[in-house]
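Subject: A structure for you to explore

Hi,

Here is the structure I promised to hand over. Have a look at it first, and then read on for what I found in it.

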Amino acid sequence: MKGKIFLIRLIMMFLVGLSLFWETPGNAGQKVLLNFKGADIRTLVEAVAEATGKNFVLDPSVKGKVTIISTVPLEGEELYKVFLSVLDVHGLIAVPHGEMIEIIPDNQLKSRAPLLEEEESNKNKSSSMDEVGVRLFTTKYVDANTLAALLKPLLSPKGHVGVHDSGNTLLVADYTDILERLGHIIERVDQPIKGKVELVSLHHANAAEIVRVLNNMDQGEKKESVKNAHKLVADERTNSILVSGSEGERVRLRTLIGYLDTPIGKSGNTQVINLRFAHATEVAPIL
């Protein structure tokens with residue numbers, strides 16, 4: 001009798017364990033309460049992989065302890081964004097590779113960018129704007145080396161821009177939202193250069209305000225030669241800017257105008273801050 005009872009209990013335990021086996025792993029979309037105190041970062045990666053259904057590959061150098069406390073259960077992309085923020089704090093980045101996402105130290109992005117070119121270039125359509133990707137931008141009218149130098153200040157500190165060997169092509173590695181922004185800027189800058197005066201139309205910013213900002217940036221800077229001289233005139237009726245100057249100077253100004261005339265989001269080393277109460281001319285000398 002005791003043997004039968006033991007056997008029944010054993011079968012019941014097996015069935016319960018079997019049900020847990022089928023319900024728990026790979027349950028993408030489930031809500032997760034993140035409570036990790038000094039946990040190995042690999043434990044966090046495993047938890048996020050199970051909750052989101054994403055596949056991760058960790059670089060051998062990825063190590064460390066993480067502490068993250070959430071009072072509200074998270075799921076899906078919301079959970080993944082928190083996970084990417086934790087990686088960022090620990091000097092790590094997520095680089096998509098098709099169905100896989102590689103976790104690497106952020107200081108390896110610049111050295112790995114050329115290796116990621118074929119896989120990530122224009123096919124990179126990351127669902128999260130905090131992920132890192134690589135894009136190729138081919139220019140038709142503007143020299144790639146000139147444009148690369150102008151784009152460097154617009155990247156994040158982890159970003160990389162280089163000129164591809166095959167021609168007038170830029171290889172850029174950075175956060176995907178910055179790549180999207182640079183794509184719009186390059187599209188606006190890479191236009192046929194005709195005459196000595198260009199009309200640049202704005203979509204988001206005010207023409208008079210952009211002219212004021214650019215003129216203030218150039219004040220106090222000594223021009224190396226007369227060829228660097230330029231003139232900006234705002235046409236408030238059409239919300240456009242008339243740009244005159246040398247070809248190289250106009251390319252530089254179109255790049256800056258394109259950068260300023262975009263919705264404010266994650267940017268590179270340059271950031272525009274709108275003041276509500278103080279005057280910018282008073283705050284700038286203090287900074």
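**A nonpolar patch to start with**

Val197, Leu199, Val233 and Leu242 together make a nonpolar patch on the surface, with an area of about 320 Å². Please keep in mind as you read that this is a predicted model.

One member of the patch, Val233, sits in strand 10. Is Val233 buried, partly exposed or exposed? Its relative accessibility is 36%, so Val233 counts as partly exposed. Another member, Leu199, has Leu242 of strand 11 as its bridge partner.

**The sheet around the patch**

Now zoom out to the sheet. It is an open one made of 3 strands, in the order 9-11-10, with antiparallel pairing. Strand 9 (197-201) and strand 10 (230-235) are at the edges; each has a single partner strand, so one side of each has no neighbour in the sheet. From one strand to the next, the twist averages 20 degrees. If you are wondering what holds such an arrangement together, strands of a sheet pair through backbone hydrogen bonds, either parallel or antiparallel.

How many bridges join strand 9 to strand 11? There are 5 of them, and the two strands run antiparallel, with strand 11 covering residues 240-245. Helix 7 (residues 207-218) packs on this sheet, where it touches strand 10 and strand 11. The direction of helix 7 makes about 160 degrees with that of strand 10.

Ala234 is a good residue for seeing this packing up close. Ala234 is found in strand 10, and with 28% relative accessibility it counts as partly exposed. Which residues does Ala234 touch, leaving aside its neighbours within four places in sequence? The answer is Ala207, Ala208, Val211 and Ser240. You can also try finding Ile210: Ala234 and Ile210 are 24 residues apart in sequence, while their C-alpha atoms are 8.4 Å apart in space.

**A second sheet**

There is another open sheet to look at, built from 3 strands in the order 6-8-7, again with antiparallel pairing. Its edge strands are strand 6 and strand 7 (160-163), each of which pairs on one side only. Here the twist averages 15 degrees from one strand to the next.

Strand 7 is joined to strand 8 (residues 169-175) by 4 bridges, and these two strands run antiparallel. If you look along strand 8, you will find Leu170 opposite Val163. Helix 6 lies across strand 6 and strand 8, and runs at about 145 degrees to strand 8.

**Salt bridges**

How many salt bridges does the structure hold? The count is 6, and a few of them are worth a visit.

In one of them, the side chains of Arg135 and Glu180 meet, at 3.6 Å from N to O. This pair links distant parts of the chain: Arg135 is in strand 6 (residues 132-138) and Glu180 is in helix 6 (residues 176-189), 45 residues apart. Arg135 counts as buried because its relative accessibility is 15%, whereas Glu180, at 38%, counts as partly exposed.

Glu198 and Arg254 form another, with their closest N and O atoms 2.6 Å apart. Glu198 lies in strand 9 and Arg254 in helix 8 (residues 247-260), so this pair ties together parts that are 56 residues apart in sequence. Both Glu198 and Arg254 are buried.

A third one joins Glu249 and Arg252, whose closest N and O atoms are 2.8 Å apart. Why are these two separated by about one helical turn? The reason is that Glu249 and Arg252 are 3 residues apart in helix 8. Glu249 is buried, with a relative accessible area of 6%, while Arg252 counts as partly exposed at 22% relative accessibility. Salt bridges that share partners also join Glu198, Arg250 and Arg254 into one network.

**The whole chain**

Finally, a step back. The protein chain has 9 helices and 11 strands. Of its 287 residues, 39% count as buried. The chain exposes about 17,200 Å², and carbon and sulfur atoms supply 57% of that area. Among the contacts with a separation of 6 or more, 65% are between residues 24 or more positions apart.

Enjoy exploring!

Best wishes

Key:
Residues numbered from 1 in each chain as written. Predicted model: local features only at pLDDT ≥ 70, side-chain atom pairs only at ≥ 80, totals over all residues. Heavy atoms only, no water. Pairing = 2+ DSSP bridges. Axes fitted to C-alpha atoms, helices over the stretch in contact; angles between N-to-C directions. Contact = heavy atoms within 4.5 Å. Patch = residues over 30% accessible without salt bridge, like charges linked within 9 Å, V, L, I, M, F, W, Y side chains within 5 Å. Areas by Shrake-Rupley, 256 points an atom, 1.4 Å probe, with all protein chains shown as cover. Salt bridge = Lys/Arg side-chain N within 4 Å of Asp/Glu carboxyl O. Buried < 20%, exposed > 50% of the residue type's maximum accessible area, 1.4 Å probe, protein only.
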